[in-house]
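Student: I have a structure to get through and I am new to it. Can we go over it piece by piece?

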Amino acid sequence: MLKVKYIRNNTEIVKKGLLKRNWSPEEINIVDEVLLLDEKRKSIQHKKDQLLSEIKTLSKQIGGLMQSGKKEQVEQIKASIPQIKKQIKTLDEEGGQVYAKLEELLLSIPNVPHDLVPPGKTEEDNYVYKDWTGPMPELPEDALPHWELAERYGLFDFKLGVKLTGSGFPVYRGKGARLERALINFFLDQATTAGYEEIWAPLMVNAASARATGQLPDKEGQMYHICKDDLYMIPTAEVPLTNIYRDVILKETDFPIKLTGYTPCFRREAGSYGAHVKGLNRVHQFDKVEIVQLQHPDHSWETLDSMVKHVSHVLDRLELPYRIVRLCGGDLGFTSAMTYDFEVYSAAQKKWLEVSSVSNFLTFQSNRLKLRFKDKEGKIHLAHTLNGSALALARIMASLLENNQTPKGIVIPEKLRPFTGFDIIQ
RNA sequence: GGUGAGGUGGGUGAGUGGCUGAAACCACCGGUUUGCUAAACCGGCGUACUCUCAAAGGGGUACCGCGGGUUCGAAUCCCGCCCUCACCGCCA
């Protein structure tokens, strides 16, 4: 969420940002509406504060008069108070409406894209920041997609998942399960080696946490909700990891804070079916290792670069062909100022699969999180938050299986072998 | 699930209707001094919104788990909710 103060001081920048996100001129008008409502809010608040102050002063007088026993004067003052209260009540009602509307509009305004974010509407317009220059995997014509490979080698089973839970809940078994666990360990080791603190977090969060990282209210439908206890299954480890620092005021010297964590991720994401979401490409439950950084505003862009490097490094070690794209305005997430997506090429499906998304949110998240830091002069500022997948397992699994299939079996990348304990799936 | 206790500033903790935005201590920051990895002393030390000011600063309001109520006035009284802790029950 953007601060009104920021919108007021940077009105044109905000509007340009919305334009880049393909908002129509009418839609962009809400920016002016916000400023207007805020003016209203201020003037109402100011009036109310004055009235409250008046009551406070009178009350203090009464305190004094009571002690000296001047009851008549006390009664006189008391008599004047109901009408002040009446005014306050009116202002409260008015102010409540203004505030609610203001809040609603503010929640609907997305983050301002960075200058480097290319204009555009769909993923077609994304800018290929780093293309794959190495060799492409060459597979025979009869190469199989991962869901068929899984069946042939008994690695995971969707039908069984349906029996246990429902569609989109794969059951991994045998070497498939082992490979999944190996990848998790490998990713976590990569992250901790890079200086990230490992966190083992709860998989359910309360509403306050979901709200702070922006899943509520806008993405309520994407989360599984346990009604009885009012808890939400996390859609990503970003939620618990980032919320560790909700309502925290850091010291400048605490930066950077680097966290990593493995969690399963739960996504309802109803509505999209078909070939492109087949197999592991899109599921309700998948595993992911997330990296999160909290950073000083002066350094968050370098940090974004370093996170991109980290993910690249991990993919290099898995020997997967990938490219990095910078998302265009239309494809950019609501809360992000800039996002790099990593796409791994799957030779059997003959397409690029998104496996990681690394973003800088600037202060957009920290504003709702109330994640701040104190500078040398003791002034309080919002920190910057960043996060990225390093990496999402399901699609890595898919592309790994597909790209590494040989007539003899599926070959495990060398760096992963210490984690799997086998070099080939036969 | 049952019973009991409790939620106050970074921490410990005082405070049961006005002089309390909140004692004291610890931590932290600044300074003085002492020849020794430290002590003593002095000073400072919440957040948000807002008004004013060129700025430094000054003023106002709100916040003592959350929401509501009583009252001229609430951290303090009343109601509802949430959470934490302890013990019992159940259990990986």
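Tutor: We will take the domains, the RNA, the empty spaces and then some backbone details; keep in mind that this is a predicted model.

Student: Okay, how is chain A divided?

Tutor: Chain A has domain 1, covering 4-107, and domain 2, covering 123-425. Their C-alpha centres lie 43 Å apart.

Student: And how many residues are in contact between domain 1 and domain 2?

Tutor: Four residues of domain 1 are in contact with eight residues of domain 2.

Student: Now the RNA. Which residues are closest to RNA strand B?

Tutor: Arg-41, Asp-49, Ser-59, Ile-81 and Lys-85 are the closest, out of 20 residues that surround the strand. Of the atoms of RNA strand B that come within 4 Å of the protein, 77% belong to sugar and phosphate.

Student: Which elements supply that surface near RNA strand B?

Tutor: Four elements supply at least two residues each: helix H1 (4-9), helix H4 (30-67), helix H5 (71-107) and strand S14 (372-374). H4 gives the most, with eleven residues.

Student: What is the split by class on the surface near RNA strand B?

Tutor: There are eleven charged residues, five nonpolar and four polar.

Student: Can you give me some actual distances?

Tutor: Take Lys-85 to begin with: an N or O atom in its side chain is 2.8 Å from a phosphate oxygen of RNA strand B. Asp-49 has a polar side-chain atom 2.9 Å from a sugar or linking oxygen of the strand.

Student: What about Arg-372, what is its side chain 3.2 Å from?

Tutor: A sugar or linking oxygen of RNA strand B; the atom on the Arg-372 side is an N or O of the side chain.

Student: Changing topic. How much space lies in the largest pocket?

Tutor: About 1,600 Å³. The pocket is lined by 50 residues, and those nearest its centre are Arg-267, Asp-341, Glu-354, Ser-357 and Arg-395.

Student: Which element gives the most to the lining of the largest pocket?

Tutor: S13 does, with nine residues. S13 spans 351-362, and others that supply at least two residues of the lining include strand S10 (285-295), strand S12 (338-346) and helix H13 (393-403).

Student: And how do the residues of that lining divide?

Tutor: Into 18 polar, 17 nonpolar and 15 charged residues.

Student: How many cavities of 30 Å³ or more does the count come to?

Tutor: The count comes to one cavity. Its volume is about 40 Å³.

Student: Which residues line the largest cavity?

Tutor: Met-1, Ala-212, Thr-213, Gly-214, Thr-335, Phe-364, Gln-365 and Arg-368. Helix H12, residues 364-369, supplies the largest share of that lining, three residues. By class, the lining has four polar residues, three nonpolar and one charged.

Student: Last topic, the backbone. What is the peptide bond from Phe-255 to Pro-256, cis or trans?

Tutor: That bond is cis, with omega near -10°. Pro-256 sits in the loop between strand S8 (249-251) and strand S9 (257-266).

Student: And the bond from Ala-390 to Leu-391, cis or trans?

Tutor: The bond from Ala-390 to Leu-391 is cis, and its omega is near 5°. Leu-391 is placed in strand S16. That strand covers 384-392 and also supplies at least two residues of the lining of the largest pocket.

Student: One more. Is phi of Asn-22 positive or negative?

Tutor: Phi of Asn-22 is positive, near 65°, in a residue other than glycine.

Student: Where does Asn-22 lie?

Tutor: Asn-22 is in the loop between helix H2 (11-20) and helix H3 (25-28).

Definitions and conventions
Residues are numbered from 1 along each chain as its sequence is written. Chains are lettered from A and ligands numbered from 1 in the order in which they are written. This is a predicted model: local features need pLDDT of at least 70, side-chain atom pairs count only at pLDDT 80 or more; totals for chains, interfaces and linings use all residues. Side-chain values use heavy atoms; hydrogens and water are left out. A residue is near a molecule or strand if one of its heavy atoms lies within 4 Å of it. A polar contact is a pair of N or O atoms within 3.5 Å; within protein, one must be able to donate a hydrogen and the other to accept it, and residues adjacent in sequence count only if both atoms are side-chain atoms. Ala, Val, Leu, Ile, Met, Phe, Trp, Tyr, Cys and Pro count as nonpolar, Asp, Glu, Lys and Arg as charged, and the others, Gly among them, as polar. On a 1 Å grid over the protein atoms alone, a cavity is a set of points where a 1.4 Å probe fits but cannot get out, and a pocket is an open set with protein on both sides within 12 Å along at least five of seven lines; lining residues have an atom within 4 Å of a point. Grid points are joined across faces, edges and corners, and a volume is the space filled by probe spheres set on the points. Domain bounds come from an automatic or database domain assignment. Contact means heavy atoms within 4.5 Å.
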